[in-house]
Amino acid sequence: MTKMILSLPDAEATRKLGVSLGRSLPPGTVILLQGDLGAGKTTLVQGIAEGLGISDSIESPTFTLINEYFAGRVPLYHLDLYRLEPEEAEALHLESYWDGLERDLGIVAIEWAERLQYKPENYLQIYLSYLDNGRQIEVIGNGDLLNWQLEI
């Protein structure tokens, strides 16, 4: 997959796509999520958690910045950079989630990823946008994920 574009009619379809992602993504995957407020980033992460077998309530970590969940097939690290400027995001040294001890252990999902100044070599870029009749999601694989295929 170089690029995949999907139209999703509602939040439930967005969540179901997340479930498919959670079931099929390999450990070590970094997901960079971008989209307007309310476009479905957190809904997609909720589905990913469900697909990983995580039953915890998944809320956007807008104020805590990072939520970690360990009760699934692999850990899920959910980050939200909405409140940060790029320099503030860089000061958190978030690269430890893909270059450090957590590498290959879990899945990292980063909302508002456009605030990252440093990106990993391998990641899925997911853009969520509104359409008149729902949402559109564009998924682009980079690095080792360039040829990854979504199992729906």
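Author: A residue is called partly exposed when its relative accessible area falls between the buried class, under 20%, and the exposed class, over 50%. The model to which we apply this is predicted.

Reader: Is Glu88 buried, partly exposed or exposed?

Author: Glu88 has a relative accessible area of 40%, so it is partly exposed. This residue belongs to helix α3, which covers residues 86-91.

Reader: Which residues gather with Glu88 in a patch of negative charge?

Author: Glu85, Glu87 and Glu90 join Glu88 in that patch, which lies on the surface.

Reader: How do the side chains along strand β3 alternate?

Author: Strand β3 spans residues 66-69, and its side chains point to two faces in turn. Asn67 and Tyr69 share one face and are buried, whereas Ile66 and Glu68 point to the other face and are not buried.

Reader: In what sense do β3 and β4 pair, and over how many bridges?

Author: The pairing of β3 with β4 (residues 76-80) is antiparallel and runs over four bridges. Within it, Glu68 has Tyr77 of β4 opposite. The connection from β3 to β4 is a hairpin of six residues.

Reader: Where does Trp112 lie, and is it buried or exposed?

Author: Trp112 is found in the loop between β5 (107-111) and β6 (123-131). Its relative accessibility is 10%, and therefore Trp112 counts as buried.

Reader: What is the phi angle of Trp112?

Author: The phi of Trp112 is near 60 degrees, which is a positive value in a residue other than glycine.

How values were computed
Residues are numbered from 1 along each chain as its sequence is written. This is a predicted model: local features need pLDDT of at least 70, side-chain atom pairs count only at pLDDT 80 or more; totals for chains, interfaces and linings use all residues. Side-chain values use heavy atoms; hydrogens and water are left out. Patches are made of residues with over 30% relative accessible area and no salt bridge: like charges are joined within 9 Å, nonpolar side chains (Val, Leu, Ile, Met, Phe, Trp, Tyr) within 5 Å. Accessible areas come from the Shrake-Rupley method with a 1.4 Å probe; for residues, only the protein chains shown count as cover. A salt bridge is a side-chain nitrogen of Lys or Arg within 4 Å of a carboxyl oxygen of Asp or Glu. Lys and Arg count as positive and Asp and Glu as negative; His and the chain ends are not counted. The place of a charge is taken as NZ of Lys, CZ of Arg, CG of Asp or CD of Glu. Buried means under 20% relative accessible area, exposed over 50%, partly exposed in between (1.4 Å probe, protein chains only). Two strands pair if DSSP finds at least two bridges between them.
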